[in-house]
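User: Please take a close look at one part of this model and follow it outward into the rest. Where does it sit, and what does it pack against?

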Amino acid sequence: MRRKMLTAPLAAVAALAMLAACSTDDSLDDPATSESAEDPAGEEPAEGGEDEGEEPAEDGSSDDWFDQAVYDTQYEQRTATFEGDPNAPHLQYIDGPMTDTSEFASEGAKKVCFSNASISNPWRQTGWITMNEQLKVLQESGVISEMETRDAQDDDNTQIADIDYFINEGNCDAFVISPSSTAALTPAVERACDTGLPVVVFDRGVETDCATTFIHPIGGFAWGIDTAEFLVDNLEEGDKVVALRILPGVDVLEHRWAAAEKIFSENGIEAVDYFTGADPTEIKKIISDELAKGDVQGVWMDAGDGAVAAIEAFEAGGRRSRPLSSLEAEIDR
Amino acid sequence: MSTGTTTVDRAPGLLAERQGSPLQRLARTLGTPGGAVFILCGVLLAAVVAANPNFGEPGSLIRFIGRTAPIAIAAMGQYFVIVSGEFDLSMGSVVTMQVVISGNLIGQDESRILPVMLLMVALGILVGLVNGLATTLLRVPSFIVTLGTMLALSGLVLYLTGGAATGNPVDSFRQIGRGGIRDVPVVDIIPYPAIILVALAVGAVLLMRRPYGRTLIAAGDNPEATHLAGAPVWWVKTRAFILSSLAATVAGIILVGYAGVHPSVGRGYEFTAITAVVLGGVVLGGGRGWVLSAAAGAFALELLFTLLNFLGVASTWRDTVQGVIIILAVAAAGKAWRAGLRPRRRDPATTAQSPGSPAGATTPHTPGSPAGETTGPTPPVQGTTTGEN
Amino acid sequence: MSTATTTPTRRRAPVTSTGIVFIVLALTIVAGAILTAMAGRNFFSPGNISAILTGTSILGFIAIGQTLVILAGSLDLSVPYVTSLTSLVAGVIMAGQTSNIVLGVVVALGVSALIGLANGLVVTLLDVHGFIATLGMGLILAGYLATNYKGSAGSAPRDFRLIGATNIGPVPVSTLIMLGCAVLVILLLRRTRIGHHLYAVGGNREVARMSGLHTTTPVVMAHVLCSVLAGMAGLLLLARLSVGSPTIGAQGGYDLMSIAAVVLGGTVLAGGKGNILGTLGGVAIFAVMDNVMGVMEVNPFLKDVVRGVVIIAAVAVYARRTAGRPPRFGRQSLGDAALQEAR
């Protein structure tokens with residue numbers, strides 16, 4: 001188990017001080033030995049908290065994404081009450097342990113280096129825009145002097161190079177890292193930790209707890225549980241659900257499906273899954289073909305931005321529409 | 001046959017092609033790669049219907065044709081470029097660009113449909129023009145040119161739209177891809193995309209029978225000879241690129257209607273289109289193949305995917321099956337071209353003694369005659385016969 | 001047939017493109033240094049040079065292999081999947097144990113060699129165009145990867161990861177290995193008979209055959225070496241990532257980018273003309289461009305626009321310099337279908 005971190009809006013990070021130090025090129029401690037910022041407590045945590053929601057059990061490799069312990073934790077977290085000020089919902093969080101970050105306290109505006117996985121989907125776009133707005137606020141209040149951003153365009157190797165560049169050349173006071181994948185980015189995040197500067201990891205996790213702060217959503221299992229239970233409530237045993245998944249191999253998405261698949265099988269619902277690449281054309285073809293095979297009682301999606309295409313496929317097929325379960329939909333009509 | 005008979009006039013290949021009863025000619029045609037794809041389509045269709053009888057109903061079939069229309073149209077566009085000996089890798093980006101443009105610019109305002117569609121056509125022509133001119137006048141390999149435009153276009157579109165394409169165009173515009181003529185007996189509905197496909201296919205066949213089409217195949221088969229025969233190869237090829245981009249534009253318009261706006265629409269379309277063209281027996285490198293075979297290749301590909309789906313093959317294996325199929329299809333087609341066409345392939349060699357041949361190309365002749373118009377250079381004749389089989 | 005009339009005149013075209021490649025590279029570096037200085041950084045600092053060189057190593061391996069295949073008149077679009085597969089195979093075999101490193105490397109490179117052999121045989125014996133043969137092989141591997149690997153797998157032991165993380169001065173060891181491979185391939189092309197045959201077959205397979213060369217061997221060898229070098233890139237990625245990843249090759253877009261780098265390096269896409277040195281220059285141009293755009297915090301979408309425009313513009317410059325009409329990919333002037341399809 002890892003002791004876990006908390007969460008701080010990256011804003012706060014900049015308020016932390018830097019410890020300096022330049023890392024050497026070959027700092028490749030194994031996760032077990034990496035000793036790093038062990039700081040407790042701190043800042044305002046956001047939703048999330050406990051532990052490796054995202055990571056598969058052993059060394060990042062897992063052919064089976066289902067993890068009962070994490071599943072149970074997330075099952076509980078779905079109904080947990082938020083802590084923190086209800087008037088500031090963006091700062092609320094679920095029972096994450098606090099880390100003391102007072103050792104990083106310092107004066108003056110600091111430079112933040114942000115290594116981003118990509119801005120290649122609407123969710124990341126929205127986050128990127130929000131972040132820049134928050135940056136303006138923090139710059140005006142003199143907390144952050146500047147934020148240098150490198151975008152890896154969804155390539156693990158590029159992001160590793162980006163982080164190394166920040167360590168060597170960035171003159172950074174703090175690192176903010178949104179990893180593009182879980183296991184592959186672990187060594188690079190450890191190198192960032194070894195500089196002694198505060199490191200904030202958010203969204204997808206890494207397999208080290210060296211980071212000062214880790215902010216992550218409740219996790220894929222909770223998502224899968226909520227969406228699958230909605231369908232189970234609306235369907236009967238023996239009904240058929242088509243599951244539309246974006247792509248294989250991304251931990252959060254695999255967890256969503258792992259949880260949903262478990263719930264479907266427990267409730268006697270037949271589920272067939274497809275990969276769509278989020279392409280509405282594919283979605284529509286898949287639903288049409290499924291309707292040609294036989295009736296479909298429900299649709300489950302691991303992200304909502306193709307929902308319109310799925311619904312339209314039912315219309316085109318002359319069927320009444322069916323329960324469709326997904327979250328984070330960006331349906332704009 | 002051509003060895004001794006010098007009295008047979010200049011296009012024995014053409015005559016051989018015209019010999020025999022219509023049935024014999026049909027059989028011969030189906031033996032070529034360009035014809036075999038239609039048999040493949042038939043076999044796959046039978047297999048799909050066997051796996052799922054519902055699919056065989058006229059209503060289902062016409063819907064299938066409707067939804068396959070955009071890729072078939074894209075394949076026909078890609079055909080023009082490939083048969084002229086080039087590649088168009090920018091097709092997918094053009095589809096994405098048009099999808100995003102229609103989403104962002106048309107919005108819910110019906111009065112904008114026409115001007116925006118004109119803009120999309122203009123942009124399609126522009127992209128094709130850039131691809132074509134960079135390939136022909138700047139002499140950059142088309143693979144590289146269109147790779148460059150692919151990167152540049154998709155980057156530009158994502159940059160200008162902030163990466164998140166939103167907004168669905170107004171329903172009346174989307175009807176082009178979603179709607180159809182309703183209450184038709186037997187099939188219930190004839191989707192507009194199917195009608196567009198048929199119209200474009202007829203247009204493409206007519207175009208390939210015109211001098212332009214013959215010159216295009218000639219340009220792919222032997223650019224030097226075509227050039228020396230007086231045809232403006234650069235402009236012939238540039239028009240092929242424009243046709244390809246316009247086909248991608250039409251595919252984009254249909255896809256917006258069919259499925260809506262998303263930046264992933266069109267991703268990988270260039271490789272799917274090339275695969276379809278190649279499945280249709282069209283030879284990479286140019287000079288050989290029939291435009292309808294390219295469209296049939298698209299149907300074969302979609303039928304294959306549908307079959308795999310109905311057979312319950314895990315969707316992750318789909319790529320593997322596709323890979324095996326295209327290698328086998330091209331290997332078989334290559335064998336067939338070489339084996340089945342051997343007699344005809346000898347004809348150009350024989351006619352090489354005649355004025356219109358590649359051999360004659362060293363001494364430019366008939367400078368005034370519009371090259372594509374005549375059967376002058378042998379390659380066009382050869383191409384024409386393959387083009388019509 | 002037309003072979004006799006058209007081709008020989010072309011072979012006289014002056015081969016000066018490598019010089020131009022390095023002029024372009026020098027210009028890129030100058031522009032990069034100025035832009036970097038304007039952003040308040042030092043382009044020539046050890047850290048930055050190390051970053052640029054690291055950026056060259058992986059694409060470098062793949063582009064060297066791609067050069068061989070293109071010289072032989074073929075193409076390899078399957079490299080990203082070979083890269084991913086080798087990173088997984090080696091990672092799973094090593095499983096974090098130092099004692100398994102040799103076995104992992106040998107098996108991984110063996111697997112990639114077999115894939116290359118299959119590519120080469122399909123191209124030569126079945127006479128399938130290299131574009132289609134390797135596109136198909138790429139799809140076959142992609143399906144296998146997606147079906148059998150759900151996310152990253154395996155683990156590289158610490159000793160192996162050192163390869164990806166050690167520097168000698170500002171020069172990463174990985175870059176040195178890549179340059180070592182480049183030297184070996186250059187020697188192969190310049191000093192060995194099969195190297196010369198590779199150029200001959202790529203330049204004109206029919207003429208090479210009629211000259212008594214065995215045309216199959218050089219093409220198969222080029223494909224095998226290309227896959228093995230893609231496998232080396234996979235091993236290096238394993239060292240850098242510490243785990244094998246089924247998507248790492250596709251993430252880098254190494255298929256099209258390596259072809260672009262080869263052509264940027266002055267090698268003719270139709271085959272028979274070009275060299276490894278130019279390719280290294282092409283890879284370096286990309287690395288410098290990416291580095292500068294990173295320092296300038298260029299919008300990631302605009303980076304693609306810049307890459308696209310540079311590819312077209314640079315190759316247009318080379319094409320202008322080459323006299324006559326340069327052979328185009330898949331050009332039909334040889335009038336021989338068998339030859340066409342093999343290219």
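Analyst: Helices (H or I, at least four residues) and strands (E, at least two) are DSSP runs, numbered from the N terminus. The model is predicted: local features need pLDDT of at least 70, side-chain atom pairs count only at pLDDT 80 or more, and totals for chains, interfaces and linings use all residues. Residues are numbered from 1 along each chain as its sequence is written, while chains are lettered from A and ligands numbered from 1 in the order in which they are written.

The part chosen is helix H8 of chain A, residues 280-293. Its 14 residues reach 20 Å from first C-alpha to last, close to the 20 Å expected at 1.5 Å a residue (the expected span is 1.5 Å times one less than the number of residues). Of these 14 residues, 11 are buried, so H8(A) is largely enclosed by the rest of the structure. A residue is buried if 20 or more other C-beta atoms lie within 10 Å of its own, exposed if 12 or fewer, and partly exposed in between, with C-beta atoms placed from the backbone. The buried set includes charged residues (Asp, Glu, Lys and Arg count as charged; Ala, Val, Leu, Ile, Met, Phe, Trp, Tyr, Cys and Pro as nonpolar; the others, Gly among them, as polar): Glu282(A), Lys284(A), Lys285(A), Asp289(A) and Glu290(A). Also buried are Pro280(A), Thr281(A), Ile283(A), Ile286(A), Ile287(A) and Ala292(A).

The surroundings of H8(A) come from two chains. Within chain A, its buried residues pack against strand E6 (240-245), strand E7 (270-275) and helix H9 (307-316). From chain B they meet helix H4 (58-83), helix H12 (233-259) and helix H14 (291-310).

Next, the division of chain A. An automatic or database domain assignment splits it into domain 1 (10-215) and domain 2 (221-325). The contact between them takes 14 residues from domain 1 and 12 residues from domain 2 of chain A, two residues being in contact if their C-beta atoms, placed from the backbone, lie within 7 Å. On the domain 1 side, helix H2 (residues 68-77) of chain A gives the most, with 5 residues. That side has 7 nonpolar, 3 polar and 4 charged residues.

Two loops of chain A can be added. Asn171(A) lies between helix H4 (156-169) and strand E3 (174-178) of chain A. Its phi is near 50 degrees, a positive value in a residue other than glycine. With 12 C-beta neighbours inside 10 Å, Asn171(A) counts as exposed. Asp209(A), in the loop between strand E4 (199-202) and strand E5 (213-215) of chain A, is instead buried, with 23 other C-beta atoms within 10 Å. Asp209(A) and Glu190(A) are 19 residues apart in sequence and 8.9 Å apart in space, C-alpha to C-alpha.

Chain B, which supplies part of the packing around H8(A), has 17 helices and 2 strands. Of its 389 residues, 60% count as buried. Among its contacts with a separation of 6 or more, 80% are between residues 24 or more positions apart. One of its helices, H9(B) (residues 192-209), has 18 residues and reaches 26 Å, close to the 26 Å expected. In H9(B), Pro193(B), Ala194(B), Ile196(B), Leu197(B), Leu200(B), Ala204(B) and Met208(B) are buried. They cover an arc of only 155 degrees around the axis, which puts them on the same side of H9(B); the arc is that of the directions from the helix axis to the C-beta atoms. On the other side, Ala199(B), Val202(B), Gly203(B) and Leu206(B) are exposed.

Leu200(B) and Ala204(B) are also among the contacts of Met76(B), as are Ala201(B), Ala247(B), Val291(B), Ala294(B) and Ala295(B), leaving aside neighbours within four places in sequence. Met76(B) is one of the residues with the most contacts inside the largest nonpolar core, along with Phe175(A), Val189(A), Ala75(B) and Ile144(B). Such a core is a set of buried Ala, Val, Leu, Ile, Met, Phe, Trp, Tyr and Cys residues joined through C-beta atoms within 7 Å, and this one has 302 residues. The largest share, 18 residues, comes from H11(C). Domain 1 and domain 2 of chain A both give residues to this core, so it lies between them.

Finally, chain C: 37 of its residues are in contact with 36 residues of chain A. The largest share of that side of chain C, 7 residues, comes from H3(C). The side divides into 12 nonpolar, 19 polar and 6 charged residues.
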